Amino acid sequence: MPHTASKAHAVLQLKELLHCEKVVVFGDGANDTPMFEIADESYAMANAIEELKEKATAVIDSNENDGVAKWLIKHAVFEQ
């Protein structure tokens, strides 16, 4: 797999392409660590590895309990 094929690289490309001012990411595994390091806010799932939880802005509900969906409903601003 190419070195540039990572979640972090994809996030940076999308941030530039979409002219985002702020990037919020969610994750649960070691492969999410580089993405957490480049994001403005990062949320680890309750079922995430401990190392990721330590790097996170906060820990939210688990994947099994729809943690990301709950966070988005509470915090995201959707254009209408």
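**Exercise 1. The residue after helix H1**

His19 is exposed, with a relative accessible area of 69%. The model is predicted. Task: find where His19 lies in the chain and describe its phi.

Solution.
- Step 1. The cut-off for exposed is over 50% relative accessible area, and the 69% of His19 places it in that class.
- Step 2. His19 sits in the loop between H1 and S1, just after H1.
- Step 3. The phi of His19 is near 55°, a positive value in a residue other than glycine.
- Step 4. Most residues other than glycine have a negative phi.
- Step 5. Asp66 also has a positive phi, near 60°. Asp66 belongs to the loop between S3 and H4.

**Exercise 2. The length of helix H1**

Task: compare the expected span of helix H1 (residues 7–18) with the distance between its end C-alpha atoms.

Solution.
- Step 1. H1 has 12 residues.
- Step 2. The expected span is 1.5 Å times one less than the number of residues, which for H1 comes to 16 Å.
- Step 3. The end C-alpha atoms of H1 are 16 Å apart, so the model agrees with the expected span.

**Exercise 3. Strand pairing and crossovers**

Task: work out how strands S1, S2 and S3 are paired and how the chain passes from one to the next.

Solution.
- Step 1. S1 and S2 are parallel and share 4 bridges. Within this pairing, Val25 has Ser42 as its bridge partner in S2, and Phe26 stands opposite Tyr43.
- Step 2. S1 and S2 are connected through helix H2 (residues 33–38), in a β-α-β crossover that is right-handed.
- Step 3. S2 is also parallel to strand S3 (residues 58–60), with 3 bridges between them. Here the bridge partner of Tyr43 is Ala58.
- Step 4. A right-handed β-α-β unit is made by S2, helix H3 (residues 50–55) and S3.
- Step 5. For a distance across the strands, take Ser42 and Gly27: their C-alpha atoms are 7.8 Å apart, with their positions 15 residues apart in sequence.

**Exercise 4. The faces of strand S2**

Task: sort the residues of S2 (residues 41–45) by the way they point, and decide how many are buried.

Solution.
- Step 1. In a regular strand the side chains alternate between the two faces of the sheet.
- Step 2. In S2, Glu41, Tyr43 and Met45 point one way, while Ser42 and Ala44 point the other way.
- Step 3. The cut-off for buried is under 20% relative accessible area. Ser42, at 3%, therefore counts as buried.
- Step 4. The count for the strand is 5 buried residues of 5.
- Step 5. In the loop between S2 and H3 lies Asn47, which is partly exposed at a relative accessible area of 33%. The C-alpha atoms of Asn47 and Val59 are 9.2 Å apart, and the two residues are 12 apart along the chain.

**Exercise 5. An aromatic pair**

Task: classify the ring pair Phe26 and Trp71 and place it in the fold.

Solution.
- Step 1. A pair of aromatic rings is described by the distance of the centres and the angle of the planes.
- Step 2. Rings pair if their centres lie within 6.5 Å; by this rule there are 3 aromatic pairs.
- Step 3. The ring centres of Phe26 and Trp71 lie 5.2 Å apart and the planes meet at 70°, so the pair is edge-to-face. The cut-off for that class is over 60 degrees.
- Step 4. The pair links distant parts of the chain, with Phe26 in strand S1 (residues 24–27) and Trp71 in helix H4 (residues 67–75), 45 residues apart.
- Step 5. Phe26 and Trp71 are both buried. Together with Tyr43 they form one aromatic cluster.

**Exercise 6. The largest pocket**

Task: describe the volume of the largest pocket and the residues and elements that line it.

Solution.
- Step 1. The volume of the largest pocket is about 300 Å³.
- Step 2. Its lining has 14 residues, and those nearest its centre are Cys20, Lys22, Val23, Val24 and Trp71.
- Step 3. H1, S1 and H4 are the elements that give two or more residues to this lining.
- Step 4. H1 gives the largest share of the lining, 4 residues.

Methods. Residues numbered from 1 in each chain as written. Predicted model: local features only at pLDDT ≥ 70, side-chain atom pairs only at ≥ 80, totals over all residues. Heavy atoms only, no water. Phe/Tyr/Trp six-rings, centres within 6.5 Å; stacked < 30°, edge-to-face > 60°. Buried < 20%, exposed > 50% of the residue type's maximum accessible area, 1.4 Å probe, protein only. Pairing = 2+ DSSP bridges. Right-handed = clockwise from strand over helix to strand, strands pointing away. 1 Å grid on protein atoms, 1.4 Å probe; cavity = no way out; pocket = protein on both sides within 12 Å on 5 of 7 lines; lining within 4 Å. Points joined across faces, edges and corners; volume = space filled by probe spheres on them.
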